[in-house]
Amino acid sequence: MADAGVTAERVLIAADKFKGSLTAAQVAERVTAGLRRIAPGVRIESVPVADGGDGTVAAAVAAGFERRDVRVTGPLGDEVTAAYALRDGTAVVEMAEASGLQLLPEGVFAPLTSTTYGSGELLAAALDAGARSIVFGVGGSATTDGGAGMLAALGARFLDADGKPVGPGGGALADLATADLSGLDPRLADVEIVLASDVDNPLTGPKGAPAVYGPQKGATPDDVATLDASLAHFARVLAESIGPKALEYADSPGAGAAGGIGYGALVGLGASFRAGIEVMLDVLGFAPALAGASLVITGEGSLDEQTLHGKAPAGVAAAARAAGVEVVAVCGRLALPAEALGRAGIRRAYALTDVEPDVARCIAEAGPILETVAERIAADFLV
């Protein structure tokens, strides 16, 4: 039975990926197919979205950016292929492409030694390509080095008491004696860098990068304590080099993003911090696409408490609600009550598990099941 009072003449699909199953672009394709089975005449536009974490470059490419592949240093020090996106002087750089958890062999973690060096190389590649503004999406990292590796790749020097470069990773920062940022790539001064993240944690402490996110990267309680002390030491040594703002940045929102690479971007690259989904909606052209839409379909793999704290569906819903446009969501798994969805601006959520209770099948057959979910949306809202 159709929802009373809702007639959608033009649908905008603005969903994030279903992690491990479908890219954001594939989600849009499957939802489109399902809608058209029931409402073949509906006008549909899609803007695949991301919040700055993994999948951000893919969303930019789907929006018309050019994909550029680069060979860079991976989190374990081996060479990997990473991509960034470029259009009209704006680059979208995703640190997870160079330093992400997905680059680690299954079951292998290196919480003390994994490095963001490749993320710095990726930023340098964007500068080489002529980027004048860079959206630096951070999330999904395998690293907790405070961005030291990234800064080293861009020309900074971090030396121990013997004047030798400290080793890779956050653990080695315990040996840091001097920090010199004077050799940073001079082009950084003329480029606007926006740190795009859904994480507003500080660098250290109970809510800092090691304590909150270290365990996800294989850090034991002892590793967390080591990393927290090392990053605090890193900030103190930087303060001796560039002044007290280094300590101020350590407490800034976003400093703890992606194992502290947010801190490195703030203190060394002159980056400004913005909620990742807000930045990406601007970059991907969401506002023009929203104009004239009468229904927005957003979503991600799991709609849960994290969704409400800066994830893509919440950002899409907030923007659509501000424009007076109805929003529904698709997801693999729904773990939010209707009241919470309503407060976020989402009228109703449709989960794959509503169609197929077997979670393993939902993951393996996400595409066809999502088409069936989209048929239900069409029956409720478009017929």
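How many helices and strands are there in the protein? There are 16 helices and 13 strands, where helices (H or I, at least four residues) and strands (E, at least two) are DSSP runs numbered from the N terminus. The model is predicted, so local features need pLDDT of at least 70 and side-chain atom pairs count only at pLDDT 80 or more, while totals for chains, interfaces and linings use all residues. Residues are numbered from 1 along each chain as its sequence is written, and side-chain values use heavy atoms, with hydrogens and water left out.

The overall dimensions come next. For 383 residues, a compact globule would have a radius of gyration near 21 Å, and the protein agrees because its value is 21 Å; the radius is taken over C-alpha atoms, and the globule rule is 2.2 Å times the number of residues to the power 0.38. Along the principal axes, the C-alpha atoms fill a box of roughly 75 × 45 × 35 Å. Of the 383 residues, 56% count as buried, meaning under 20% relative accessible area with a 1.4 Å probe and protein chains only. Among contacts (heavy atoms within 4.5 Å) with a separation of 6 or more, 73% are between residues 24 or more positions apart.

One open sheet has 6 strands in the order β3-β4-β5-β6-β9-β10, with mixed pairing; two strands pair if DSSP finds at least two bridges between them. Its edge strands, β3 (66-73) and β10 (272-275), each pair on one side only. Neighbouring strands of this sheet are turned by 30° against each other on average, direction ignored. Within the sheet, β6 (residues 133-137) and β9 (residues 192-197) pair in the parallel sense over 5 bridges, and the bridge partner of F136 in β9 is L195.

Two helices can be placed against these strands. Helix α4 (residues 117-128) packs on the sheet and touches β3, β4 (79-87), β5 (90-94) and β6. The direction of α4 makes about 140° with that of β3, with axes fitted to C-alpha atoms, for helices over the stretch in contact, and angles running from 0 to 180 degrees between N-to-C directions. Helix α9 (residues 257-268) lies across β6, β9 and β10, and runs at about 160° to β9.

Helix α9 also helps to cover the buried residues of α7, as do α5 (148-153), β7 (157-159) and β8 (178-180), among others. Those buried residues include L227, L231, F234 and L238. Helix α7 (residues 221-242) has 22 residues and reaches 32 Å from its first C-alpha to its last, close to the 32 Å expected at 1.5 Å a residue; the expected span is 1.5 Å times one less than the number of residues. Just after α7, G243 takes a positive phi of about 105°.

Methods. Buried < 20%, exposed > 50% of the residue type's maximum accessible area, 1.4 Å probe, protein only.
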